[in-house]
Amino acid sequence: MILIRLIEELEKLGKQRTIGELTLSNHSVVWKVYLVYGQLLYATDGFHPVRRFYRALKSHCPNYVVELDEKSDYQPWEYQLLEQGINQKKLSLIQAKLMIRSIVQECFFELSGYTDLKNNWQPSQEKTSNLAMGLALSSREIQTVLAQANQNYQEWLAADFGHLSPNLSPVLKPGTDPKLLPGLNKYLNGNLTIWDIAWEQKTSVTEVTRSLLPLVEKSMVEFQRIPDLQLPTAKAPVKAPVNPPVTASVNSPVKAPVNPPVKAPVKPPVITTPPPSETQPTKSANQQPLIACIDDSPVLAHSLKTILIPAGYQMLSIEEPMRGFSQLIEHKPDLILLDLNMPNANGYSVCKFLRESPVFHKTPIIILTAQNTTIDRARARLVGATDFLGKPPDSQELLRIITKYIIKSL
């Protein structure tokens with residue numbers, strides 16, 4: 001099975017902590033998997049990459065209007081757009097990472113349908129940044145994404161859809177009265193694939209296909225191949241190209257349409273970190289340990305500062321974790337104090353996200369909350385918290401715990 005081979009290959013490359021791209025290909029399909037220091041950074045192929053990117057964008061950052069810089073030769077273009085959005089502060093690092101996970105999961109689902117792919121590893125000497133490492137999927141995240149993709153594909157096979165592809169588009173057959181299918185008309189106009197409809201209906205591709213097959217059997221609907229959307233460049237507005245569709249019978253084997261393979265360079269994409277702000281602490285070998293406090297309360301931040309600074313620590317205050325993640329990546333604190341109850345973020349989710357990020361996999365994370373119960377402590381441990389402090393914390397207890405874990409991590 002191709003996913004088992006892929007897992008083995010990723011584990012081997014992960015141990016080598018190498019940078020480069022893994023190509024999976026046969027005579028008709030080319031997949032590119034980019035790695036940085038053994039962590040999976042991105043994956044793409046030639047089957048509707050624009051549609052796939054927009055599905056992920058609508059899911060995790062629907063207000064970001066993308067426009068690719070035509071003058072740039074940065075590849076793959078999807079990753080260029082993620083970098084663009086982060087640098088323009090229109091896309092948070094968390095949103096970008098969630099997009100990568102969605103895209104990679106779809107790619108792995110489609111990879112599952114092949115058994116004859118050859119793999120080729122091309123290492124790169126290009127340097128990468130801490131920001132890219134923050135976006136890369138950890139081994140735990142890769143396992144999660146692979147497991148979900150495999151589960152979705154097994155459901156697809158169990159429904160006996162192995163001869164179909166989610167990249168196909170269901171359309172009304174000529175002569176079918178649209179009034180007979182009032183709730184489905186908007187999905188059967190040849191502009192949406194099964195993947196697209198599944199996103200619109202917030203369900204799985206298996207469920208969408210299962211609901212369409214009775215209409216196919218009644219000769220009311222047929223599956224067709226449709227082209228990808230145009231690249232979101234400054235001079236090319238996003239809309240589906242009008243090309244003659246290719247009809248596919250439900251009883252004949254149909255794989256994804258053979259589109260030209262995505263051109264990708266040998267080197268993986270690199271995100272450059274903006275220069276540190278002069279008002280924010282920047283670590284160096286001779287500086288004191290840096291403590292990051294993620295809390296929306298300026299009062300608590302001030303209280304912690306009056307405790308930590310005299311004790312010989314630096315402090316980085318972040319009121320909004322979704323926007324402040326880039327600061328964490330930039331400064332790489334020695335320890336993180338994290339509030340559980342913030343208006344725009346759930347502390348447990350933030351802790352889980354940080355722990356799954358390769359940059360903060362081993363960073364001590366101390367939970368701060370007024371809800372200091374056994375259940376709260378247990379839940380905090382489950383999402384990867386290192387320790388737990390009541391809020392407001394006692395100054396001596398705070399310094400004791402920080403000293404304990406700072407010594408361990410240095």
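Two strands count as paired if DSSP finds at least two bridges between them. The exercises below apply this to a predicted model.

**Exercise 1.** In which order do the four strands of the open sheet lie, and which are the edge strands?

*Solution.* Step 1: following the pairings gives the order β3-β2-β1-β4, with antiparallel pairing. Step 2: β3 (39–45) and β4 (118–123) each pair on one side only, and these are the edge strands. Step 3: from one strand to the next, the twist averages 20°.

**Exercise 2.** Determine how many bridges join β1 to β4, and find the residue of β4 that S25 stands opposite.

*Solution.* Step 1: strand β1 covers residues 20–25. Step 2: six bridges join β1 to β4, and the two strands run antiparallel. Step 3: S25 has K118 of β4 opposite.

**Exercise 3.** Decide whether helix α11 is mostly covered or mostly open, and list its buried residues.

*Solution.* Step 1: a residue is buried when its relative accessible area is under 20%. Step 2: in α11, residues 347–356, eight of the ten residues meet this, so the helix is mostly covered. Step 3: the buried residues are G347, Y348, V350, C351, F353, L354, R355 and E356.

**Exercise 4.** Describe the protein chain as a whole by its elements, burial, contacts and surface.

*Solution.* Step 1: the chain has 13 helices and 14 strands. Step 2: 53% of its 410 residues count as buried. Step 3: among contacts with a separation of 6 or more, 71% come from residues 24 or more positions apart. Step 4: the accessible surface is about 19400 Å², and carbon and sulfur atoms hold 53% of that surface.

Conventions:
Residues numbered from 1 in each chain as written. Predicted model: local features only at pLDDT ≥ 70, side-chain atom pairs only at ≥ 80, totals over all residues. Heavy atoms only, no water. Axes fitted to C-alpha atoms, helices over the stretch in contact; angles between N-to-C directions. Buried < 20%, exposed > 50% of the residue type's maximum accessible area, 1.4 Å probe, protein only. Contact = heavy atoms within 4.5 Å. Areas by Shrake-Rupley, 256 points an atom, 1.4 Å probe, with all protein chains shown as cover.
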